[in-house]
Amino acid sequence: MNDRTIILIVVLVILTLLVLYTIITYNKLKKLKNEFEMEWSKIESELKRKFDLIPNILEIIKKHASHENNILKGIIESRNKWNVASTPIQKMEASNQLTNAIKNLMMITQNYPNLKENAHFFSIRETIMDIEDKLSISVSLYNNTVINFNNRINRLPSNIIAKIFKFKYADFFKVEFESKELEK
């Protein structure tokens, strides 16, 4: 073998390793992205369930606590925010606003014995608690997958592959409160 052949073989081996590394890194990044998108779809499903309860909540407030305008306003504003939200961050902000309005509603139930004892209200409260528990778990899983993804696109040399294929950092989410706060 002459020197040219050896150099050619070395260059081909290096190029092959670079291509393999690129393919493997791309696939890992794509897998992580798919995982956090799947977790986001679970969150979005629970958020939709939560916002689907708004008409029932409004009906109950109008019957039993119609002069609680701040709560009504907060719930309606969060629904309007949800309806125009186009990004996950906007949807989570709308959800957090609804959560705070519902939390305020739960706090005022002490002032309205009829509301507190209403079976429909109790059912909605239980459903909301279930949704909040599931959201808390889903957000935790989502954030874990986002951490893995963001760490991967932040490390050398995979960050080079991430830039080439335009992988962007994913955002973290926070659930405003636990369902235990509704039990009070």
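Let's open with one residue. N104 is partly exposed, with a relative accessible area of 36%. It sits in helix α4. Go 30 residues along the sequence and you can reach G74; C-alpha to C-alpha, N104 and G74 are 9.5 Å apart in space. Keep in mind throughout that this is a predicted model.

Now the whole chain. How many helices and how many strands does the chain have? There are 7 helices and 0 strands. Read along the sequence, that gives α-α-α-α-α-α-α. The radius of gyration is 25 Å, and the globule rule gives 16 Å for 184 residues, so the chain is more spread out than a compact globule. The principal axes show this in another way. Along them, the C-alpha trace spans about 95 × 25 × 20 Å.

Next, contacts and surface. Take the contacts with a separation of 6 or more. Residues 24 or more positions apart account for 76% of them. Of the 184 residues, 39% count as buried. The chain exposes about 11200 Å². Carbon and sulfur atoms supply 57% of that area.

A quick word on charge. The chain carries 27 positive and 21 negative charges. How far apart are their mean positions? The separation is 7 Å.

On to the core. As background, nonpolar side chains in soluble globular proteins tend to be buried together. Here the largest nonpolar core has 42 residues. Which of them touch the most other members? They are I43, I57, I61, I75, L105, Y142 and F149. Five helices each supply at least two residues of this core: α1 (3–52), α2 (54–64), α3 (69–84), α4 (88–108) and α6 (119–154). Helix α6 gives the most, with 10 residues.

Look at I43 in that list. Leave out residues up to four places away in sequence. I43 then touches M92, L135, S138, V139 and Y142. Y142 is itself one of the core residues with the most partners.

Stay with helix α1 for a moment. E46 lies there. Is E46 buried or exposed? E46 is buried, because its relative accessible area is 11% and the cut-off for buried is under 20%. What is E46 in contact with, leaving aside neighbours within four places in sequence? The partners are I131, K134 and L135. L135 also turned up among the contacts of I43.

Over to helix α6. N143 is found there. N143 is buried too, with a relative accessible area of 14%. Its contacts, again without neighbours within four places in sequence, are F172 and F173.

That takes us to the segment after α7 (158–164). D171 has its place in that segment. At 40% relative accessibility, D171 counts as partly exposed. Which residues does D171 touch, not counting those up to four places away in sequence? I89, Y142 and V146. So Y142 comes up once more: it is touched by D171, it is touched by I43, and it is listed for the core. Another pair to look at is D171 and E93. They are 78 residues apart along the chain, and their C-alpha atoms are separated by 13 Å.

Now a contrast on the surface. N83 has its place in helix α3. N83 is exposed, with a relative accessible area of 55%. Compare its position with D130, 47 residues apart along the chain. The C-alpha atoms of N83 and D130 are separated by 23 Å.

Last topic, backbone geometry. Most residues other than glycine have a negative phi, and most peptide bonds are trans. Two places here deserve a look against that. Where is the cis peptide bond? It runs from L156 to P157, with omega near -5°. P157 lies in the loop between α6 and α7.

The other place is K166. K166 has a positive phi of about 60°, although it is not a glycine. It lies in the segment after α7. K166 is exposed, with a relative accessible area of 63%.

To wrap up. We have a predicted model with 7 helices and 0 strands. It is more spread out than a compact globule. Its largest nonpolar core has 42 residues, and α6 gives the most to that core. On the backbone, remember the cis bond from L156 to P157 and the positive phi at K166.

Note on methods: Residues are numbered from 1 along each chain as its sequence is written. This is a predicted model: local features need pLDDT of at least 70, side-chain atom pairs count only at pLDDT 80 or more; totals for chains, interfaces and linings use all residues. Side-chain values use heavy atoms; hydrogens and water are left out. Helices (H or I, at least four residues) and strands (E, at least two) are DSSP runs, numbered from the N terminus. The radius of gyration is taken over C-alpha atoms; the globule rule is 2.2 Å times the number of residues to the power 0.38. Buried means under 20% relative accessible area, exposed over 50%, partly exposed in between (1.4 Å probe, protein chains only). Contact means heavy atoms within 4.5 Å. Accessible areas come from the Shrake-Rupley method with a 1.4 Å probe; for residues, only the protein chains shown count as cover. Lys and Arg count as positive and Asp and Glu as negative; His and the chain ends are not counted. The place of a charge is taken as NZ of Lys, CZ of Arg, CG of Asp or CD of Glu. A nonpolar core is a set of buried Ala, Val, Leu, Ile, Met, Phe, Trp, Tyr and Cys residues joined through side-chain atoms within 4.5 Å.
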